[in-house]
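Got a model open and wondering where its empty space is and how its helices pack? Let's go through it together.

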Amino acid sequence: MSDLASLDLQVTRCRACPRLVAWREEVARVKRAAFADQEYWGRPVPGFGPADAPLAIVGLAPAAHGANRTGRMFTGDRSGDVLYAALHAVGLASQPTSTHLGDGLELHGVRITAPVRCAPPANKPTPRERDNCRPWLARELSLLPVRAIVVLGAFGWQALLPVLSEAGWHVPTPRPRFGHGVEVELAGPRPLHLLGCYHVSQQNTFTGKLTPAMVETVLARAKELAGL
């Protein structure tokens with residue numbers, strides 16, 4: 001797969017994890033009552049954003065009634081509401097909302113992806129499922145001219161470090177620990193800046209652990225480091 005369009009197409013056809021295939025398709029069949037009249041995506045979700053993005057955002061996995069419904073990362077749920085509003089506030093998105101494919105949203109210099117591409121039960125992929133999905137993330141990042149990566153949450157942080165190590169970046173030992181506002185610069189094919197941000201889940205945003213201003217601060221810093 002020599003380009004992102006080909007990669008994205010292959011991602012949507014993956015059936016490597018039986019538990020995740022069964023769950024994503026069951027959710028798409030049963031649906032949530034509020035979306036009963038909608039056709040769910042019900043497949044693995046590819047990354048979203050331009051192919052020349054120097055900035056990447058790495059989350060966890062699609063939400064059952066968010067990206068698993070709409071077919072786009074962080075689209076159609078409360079987590080996405082927070083993330084896209086912050087991206088728009090710092091000039092990385094054309095609009096502050098992301099509701100469905102074809103809603104006119106464009107990203108500027110940033111691509112959003114995840115280490116797991118299928119919605120997992122209880123939002124908890126197994127280590128094996130994470131590892132099965134690793135080649136997709138590795139290939140995607142290899143095709144992007146990334147200079148900075150914002151990682152949303154500890155799961156994404158732990159999943160990303162082995163990918164970067166295998167791709168030729170020097171990951172220190174012991175490995176850098178995740179934390180909100182943490183910045184790590186890795187040497188490798190080119191300097192790469194990692195930035196930690198609490199995940200934009202309702203568990204964090206509804207409790208005040210993560211505020212919109214906190215997300216905007218991390219994204220603005222990442223934008224600067226990526227040269228945008």
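Here are some questions and answers on this predicted model.

Q: Which helix supplies the largest share of the lining of the largest pocket?
A: Start with the pocket itself, which holds about 810 Å³ of space. Helix H4 (78–89) and helix H7 (202–205) each put at least two residues into its lining. The largest share is three residues, and it comes from H7.

Q: How many residues of the lining of the largest pocket are charged?
A: The lining has 31 residues, with Ser79, Asn123, His199, Ser201 and Gln202 lying nearest the centre. Sort the lining by class and you get 15 nonpolar and 11 polar residues, which leaves the charged ones: five.

Q: How are H4 and H8 oriented to each other: roughly parallel, roughly antiparallel, roughly perpendicular or oblique?
A: Their axes come within 9 Å and cross at roughly 50°, with H8 covering residues 212–225. Angles under 35 degrees count as roughly parallel, and roughly perpendicular runs from 65 to 115. The crossing angle falls in neither range, so H4 and H8 are oblique.

Q: How many charged residues are there in the contact of H4 with H8?
A: This crossing is right-handed. H4 brings Val82, Ala86, Leu87 and Ala89, while H8 brings Val215, Glu216 and Leu219. Six of the contact residues are nonpolar and none is polar, and the charged count is one.

Q: How does H1 run relative to H5: roughly parallel or roughly antiparallel?
A: Helix H1 (residues 4–11) and helix H5 (residues 127–142) have axes that come within 10 Å and cross at roughly 165°. Angles over 145 count as roughly antiparallel. That's why H1 is, relative to H5, roughly antiparallel.

Q: Which residues of H5 meet H1?
A: The two helices cross in a left-handed way. By class, their contact has four nonpolar, one polar and two charged residues. On the H1 side you'll find Leu4, Leu7, Gln10 and Val11, and the H5 residues they meet are Trp136, Arg139 and Glu140.

Q: Which element gives the most to the lining of the largest cavity?
A: The structure holds one cavity of 30 Å³ or more, and the largest cavity has a volume of about 80 Å³. Its lining counts 14 residues, with Cys14, Ala16, Cys17, Cys118 and Cys133 nearest the centre. Helix H2 (18–30) and H5 are the elements that give two or more residues. With four residues, the one that gives the most is H5.

Notes:
Residues numbered from 1 in each chain as written. Predicted model: local features only at pLDDT ≥ 70, side-chain atom pairs only at ≥ 80, totals over all residues. Heavy atoms only, no water. 1 Å grid on protein atoms, 1.4 Å probe; cavity = no way out; pocket = protein on both sides within 12 Å on 5 of 7 lines; lining within 4 Å. Points joined across faces, edges and corners; volume = space filled by probe spheres on them. Nonpolar A, V, L, I, M, F, W, Y, C, P; charged D, E, K, R; others polar. Axes fitted to C-alpha atoms, helices over the stretch in contact; angles between N-to-C directions. Left-handed = near helix turned anticlockwise from the far one by under 90°. Contact = heavy atoms within 4.5 Å.
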